[in-house]
Amino acid sequence: MNRRHYAVTLQQASEESPTLAKLTALTRDSRDRLKAIELLIPAALRPAVQAGPIDGDSWCLLVKSNAAAAKIRQLLPALQAHLRSRGWEINAIRLKVQT
């Protein structure tokens with residue numbers, strides 16, 4: 001096994017490793033989805049929502065409280081429709097409350 005004896009950036013490492021490249025692409029896609037729906041989320045709730053993992057046609061949003069999750073849950077149909085109109089194939093948005 002060849003070992004490198006020089007430092008590489010995270011971007012270089014992720015480009016050279018198929019697993020890291022896929023993870024980086026999924027992270028970027030999740031972040032882009034959140035940006036796409038950001039204006040549909042009330043301004044007061046935006047800091048409480050973070051992009052989460054993508055699993056096939058399901059996407060997870062990380063929410064900081066049960067109250068914020070309850071409000072976001074009401075917006076899910078509109079968020080899904082907006083994402084579909086922007087070209088993302090998405091059948092479900094899950095919410096996970098961070099404790």
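**Group meeting talk: a three-stranded sheet and its helices**

Let me begin with one residue, R33, which lies in helix α2, covering residues 18–37; helices here are DSSP runs of H or I with at least four residues, strands are DSSP runs of E with at least two, and both are numbered from the N terminus. Before going on, I should say that this is a predicted model, in which local features need pLDDT of at least 70 and side-chain atom pairs count only at pLDDT 80 or more, while totals for chains, interfaces and linings use all residues. Residues are numbered from 1 along each chain as its sequence is written, and side-chain values use heavy atoms, with hydrogens and water left out.

Is R33 buried or exposed? R33 is buried, with a relative accessible area of 4%, where buried means under 20% relative accessible area, exposed means over 50%, and partly exposed is in between, using a 1.4 Å probe and protein chains only. If we leave aside the neighbours within four places in sequence, R33 is in contact with I54, W59, L83, W88 and I90, contact meaning heavy atoms within 4.5 Å.

Two of those residues lead us to the sheet, since I54 stands opposite W59 in strand β2. Strand β1, residues 49–55, pairs with β2 in the antiparallel sense over 5 bridges, and two strands count as paired if DSSP finds at least two bridges between them. The hairpin of β1 and β2 has 2 residues between the strands, and in it G56 takes a positive phi near 65°. On its other pairing, β2 is joined by 6 bridges to strand β3, residues 92–97, and these two run parallel. As a general reminder, strands of a sheet pair through backbone hydrogen bonds, either parallel or antiparallel.

We can follow single residues through these pairings: L61 of β2 is the bridge partner of A51, and L61 also has L95 as its bridge partner in β3. Likewise, W59 stands opposite I93 in β3, and V63 stands opposite V97.

Taken together, 3 strands form an open sheet in the order β1-β2-β3, with mixed pairing. Because β1 and β3 stand at the edges with a single partner strand each, one side of each is left without a neighbour in the sheet. The twist averages 25° from one strand to the next; for such angles, axes are lines fitted to C-alpha atoms, for helices over the stretch in contact, and values run from 0 to 180 degrees between N-to-C directions.

How many residues of strand β2 are buried? The count is 6 of the 6, residues 58–63, so β2 is largely enclosed by the rest of the structure. Both of its faces are covered, with S58, C60 and L62 buried on one side and W59, L61 and V63 on the other.

What covers the sheet? Helix α2 lies across β1 and β2, running at about 130° to β1, while α3 packs on the sheet, touching β1, β2 and β3, and its direction makes about 160° with that of β3. The buried residues of α3, among them A68, I72 and L83, pack against α2 as well as against the three strands β1, β2 and β3.

Helix α3 also deserves a look along its length, residues 66–85. At 1.5 Å a residue, its 20 residues should span 28 Å (the expected span being 1.5 Å times one less than the number of residues), and its end C-alpha atoms are 28 Å apart, which agrees. Even so, α3 bends by about 50° at L75, with a proline, P77, following within four residues; the bend is the angle between axes fitted to the seven residues ending there and the seven starting there.

Finally, G87 is found in the loop between α3 and β3, where it takes a positive phi of about 105° and is exposed, with a relative accessible area of 56%.

How values were computed:
A crossover is right-handed if, with the strands pointing away from the viewer, the path from the first strand over the helix to the second runs clockwise.
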